[in-house]
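Welcome to this short tour of a protein chain. Take a moment to turn the model around before reading on.

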Amino acid sequence: MPAVTDAATAAALGDRLLADMEPWRDWGKPTQQAIVDAALDSFAERGFHGTSLKHIAQGSGLSTAALYVHFASKEELLFALSRRGHTLALGIVATAAAIPDPVTAAQVLVYSFTRWHAEARTLARVVQYEQGALGPGHAEEIAGLRRDTEQAVRDLVGRGVASARFAVPDVRGASAAILSLGIDVARWYSSRSPWTPHDLGVLYVELASRLLGVGE
């Protein structure tokens, strides 16, 4: 049975989905935004352990003492970034996965997840690769968001297999591969890439459709 959504249509639906996923829309006061921006830039450039509160203060234009009014530590800043990034990723996945047709849902999910990881690559890279620096309580909350994201994809793939829209021998493995496609984009993508975020999303829709056995 052929896919009901081509890559261009999936991209159009995904663009609408992402329009509602502005990372910092409800973040709070401009001062907090400046601190978060500075922390993100420093974590991305120096890593969590190479970043000091002095680096963040300099980047935000505040004194080190002023940072403590908003965040108790740089670990709290990393947690705030991680929670925001993983909540956005879960929102993208859950919204796309809720589309009734599993083929359409998977294609919109892959496009949106891929494009978001390319466009928000600095945030995505920090929250994916610095999570080992989180304290135990914060790490568990982030792990819960990751589990919810993984489960949403597994449920979608399982639904596609059950309805004979997908042909994969291992639902868990296929779901992990789908997520890995998007997540890894944050590691290597740059503005010098031969693909735009949109183009990469379209390419990954085509690759993911083959991986899922759409139309077989």
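A good place to begin is where Leu109, Val110, Phe113, Thr114, His117 and Ala118 of helix α6 meet Ile178, Leu179, Gly182, Ile183, Val185 and Ala186 of helix α9. Sorted by class, the residues of this contact are nine nonpolar, three polar and no charged. Please keep in mind that you are looking at a predicted model.

How do these helices lie against each other? Helix α6 spans residues 102-119 and helix α9 spans residues 171-188, and their axes come within 7 Å while crossing at roughly 20 degrees. Angles under 35 degrees count as roughly parallel, and α6 and α9 are therefore roughly parallel to each other. The crossing of α6 past α9 is right-handed.

Two further helix pairs can be set beside this one.

| Helix pair | Axes come within | Crossing angle |
|---|---|---|
| α6 and α9 | 7 Å | roughly 20 degrees |
| α7 and α9 | 8 Å | roughly 105 degrees |
| α1 and α6 | 8 Å | roughly 60 degrees |

Let us stay with α9 and look at its contact with α7, the helix of residues 121-129. Crossing angles from 65 to 115 degrees count as roughly perpendicular, so α7 and α9 are roughly perpendicular to each other. From α7, the residues Arg121, Ala124, Arg125, Gln128 and Tyr129 take part, and they meet Ile183, Asp184, Ala186 and Arg187 of α9. By class, this contact holds four nonpolar, one polar and four charged residues. Ile183 and Ala186 of α9 may look familiar, for they also appear in the contact with α6.

Now return to α6 and follow its contact with α1, the helix made of residues 7-19. Here the two helices are oblique to each other, because their angle of roughly 60 degrees falls in none of the parallel, antiparallel or perpendicular ranges. As α1 passes α6, the crossing is right-handed. On the α1 side you will find Ala10, Ala11, Leu13, Gly14, Asp15, Leu17 and Leu18, while α6 brings Thr104, Gln107, Val108, Tyr111, Ser112, Arg115 and Trp116. This contact divides into eight nonpolar, four polar and two charged residues.

Next come the salt bridges. How many does the structure hold? There are six salt bridges, and one of them joins aspartate 101 to arginine 165, with the closest N and O atoms 2.5 Å apart. This pair ties together distant parts of the chain, 64 residues apart. Aspartate 101 sits in the loop between α5 (74-97) and α6, whereas arginine 165 sits in the loop between α8 (136-162) and α9.

Finally, the UniProt record adds two labels, both from an unreviewed entry. "Domain: HTH tetR-type" is annotated there for residues 29-89, a stretch that is 74% helix and 0% strand, with its end C-alpha atoms 23 Å apart. "DNA-binding region" is annotated for residues 52-71, where the chain is 60% helix and 0% strand and the end C-alpha atoms are 13 Å apart.

Conventions:
Residues are numbered from 1 along each chain as its sequence is written. This is a predicted model: local features need pLDDT of at least 70, side-chain atom pairs count only at pLDDT 80 or more; totals for chains, interfaces and linings use all residues. Side-chain values use heavy atoms; hydrogens and water are left out. Axes are lines fitted to C-alpha atoms, for helices over the stretch in contact, and angles run from 0 to 180 degrees between N-to-C directions. Helices (H or I, at least four residues) and strands (E, at least two) are DSSP runs, numbered from the N terminus. Angles under 35 degrees count as roughly parallel, over 145 as roughly antiparallel, 65 to 115 as roughly perpendicular and the rest as oblique. A crossing is left-handed if the near helix is turned anticlockwise from the far one by less than a right angle, and right-handed if clockwise. Contact means heavy atoms within 4.5 Å. Ala, Val, Leu, Ile, Met, Phe, Trp, Tyr, Cys and Pro count as nonpolar, Asp, Glu, Lys and Arg as charged, and the others, Gly among them, as polar. UniProt positions are given in the numbering used here, feature names are shortened, and annotations may be inferred rather than shown by experiment. A salt bridge is a side-chain nitrogen of Lys or Arg within 4 Å of a carboxyl oxygen of Asp or Glu.
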